[in-house]
Amino acid sequence: MKPISLIQFLIEERRAGHINAELTLLIEVVARACKRIAVATNKGAIGGVLGEAGTGNIQGEAQKKLDVISNEILLEANAWGGQLAACASEEMEDPQPIPDMYPKGNHLLLFDPLDGSSNIDVNISVGTIFSVLRCPDGISEPKAEHFLQPGATQLAAGYVVYGPATVLVLTFGYGTHEFTLDREVGSFTLSRRGIRIPEETAEFAINMSNQRHWEAPMQRYIGELLAGKDGPRGKDFNMRWVASMVADVHRIITRGGVFFYPLDAKIKSKGGKLRLMYEANPMAWIVEQAGGAATTGRERILDLQPAGLHQRVPVFLGSKNEVDVATHYHLQADNAQY
């Protein structure tokens, strides 16, 4: 069977009425930018891209050189194409307007240019996460408040993993699909269509070093998994933790599992660890479109009304039945307090 390129897939989606021409071009531009990021990432030490940039982002986190490079690549690639009204990055406090010299489109792009960048220097998979929203009607110069739309209104979401292979995972709300970069020809090729995450799993991803700070229902849930077949769950579970969300989620997309970044005492004042607009919403939609589930431990992520561009939330996502159990424990504990 002849391989299907990303552009062919996008044209087919357009013909099916799932996306319009503008969104088709926007995804092509983002994919092309991610190929440039893949090249920079693959060069490693010989490309002079490792180590700290000596700057901090809006969250007060130290930026890696590749954080800054990746952010610039995505901003530059999307400035002139005419598909965007504005874009927003996890690395910047405010949205980036489209320069006046270029035409503007009807879409808003949000991205985490290099997720998992703490892993860059040790050659572990990192990635890019992105989300596309519709620009509200009549808005020619979007501000932060115009980006604050629930995840359920996304038009497209995707991520790219820069690992042994460079892989793009994408959804428009009609299933989740995977494309692998063919380095020899320089294009993404469809490698899996209509991905399905198993509802049952025996694999979980969580940062166990935070266990002492977790809420009681999270302690209960993980305690049951660790008890294995001798405990109330009656089966053994394996733990995985890459500390790069794209890598952990891609494992779930590939073979099932669950990923948790729950609320804990250290981050409670911030509302959570992961950013709703740049990480939680796009990943939640990708996972749901593959038959999985995504909650904050208490409510569906995609139903949240964002309160700020850099809002943080707890994240529970992956195989549906395990996410449901963990969420049930949190709701049960909340009800017991009243």
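Select helix H3, residues 65-79, in this predicted model. Helix H3 lies across strands E3, E4, E5 and E6. Against E5, the helix runs at about 155°.

Next, select helix H2, residues 21-43. This helix lies across E3 (84-89), E5 (107-115), E6 (126-134), E7, E8, E9 (176-182) and E10. Its angle to E6 is about 165°.

Now hide the helices and show the strands. They form an open sheet of 8 strands with mixed pairing. Follow the order E4-E3-E5-E6-E7-E8-E9-E10 across the sheet. At the edges are E4 (96-97) and E10 (187-192), each of which pairs on one side only. Of these two edge strands, E4 is among the strands that H3 lies across, and E10 is among those that H2 lies across.

Zoom in on E7 and E8, residues 156-162 and 166-171. How do these two strands run, and how many bridges join them? They run antiparallel, joined by 6 bridges. To see one position on this pair, select Tyr159 and Val169 in E8: the two residues stand opposite each other.

Leave the sheet strands and look for enclosed space. The structure holds 1 cavity of 30 Å³ or more, and the largest cavity has a volume of about 30 Å³. To find it, select the lining residues Ile206, Asn207, Asn210, Trp214, Phe260, Tyr261, Pro262 and Asp264. Colour them by class: the lining has 5 nonpolar, 2 polar and 1 charged residues.

Note on methods: Residues are numbered from 1 along each chain as its sequence is written. This is a predicted model: local features need pLDDT of at least 70, side-chain atom pairs count only at pLDDT 80 or more; totals for chains, interfaces and linings use all residues. Side-chain values use heavy atoms; hydrogens and water are left out. Two strands pair if DSSP finds at least two bridges between them. Helices (H or I, at least four residues) and strands (E, at least two) are DSSP runs, numbered from the N terminus. Contact means heavy atoms within 4.5 Å. Axes are lines fitted to C-alpha atoms, for helices over the stretch in contact, and angles run from 0 to 180 degrees between N-to-C directions. On a 1 Å grid over the protein atoms alone, a cavity is a set of points where a 1.4 Å probe fits but cannot get out, and a pocket is an open set with protein on both sides within 12 Å along at least five of seven lines; lining residues have an atom within 4 Å of a point. Grid points are joined across faces, edges and corners, and a volume is the space filled by probe spheres set on the points. Ala, Val, Leu, Ile, Met, Phe, Trp, Tyr, Cys and Pro count as nonpolar, Asp, Glu, Lys and Arg as charged, and the others, Gly among them, as polar.
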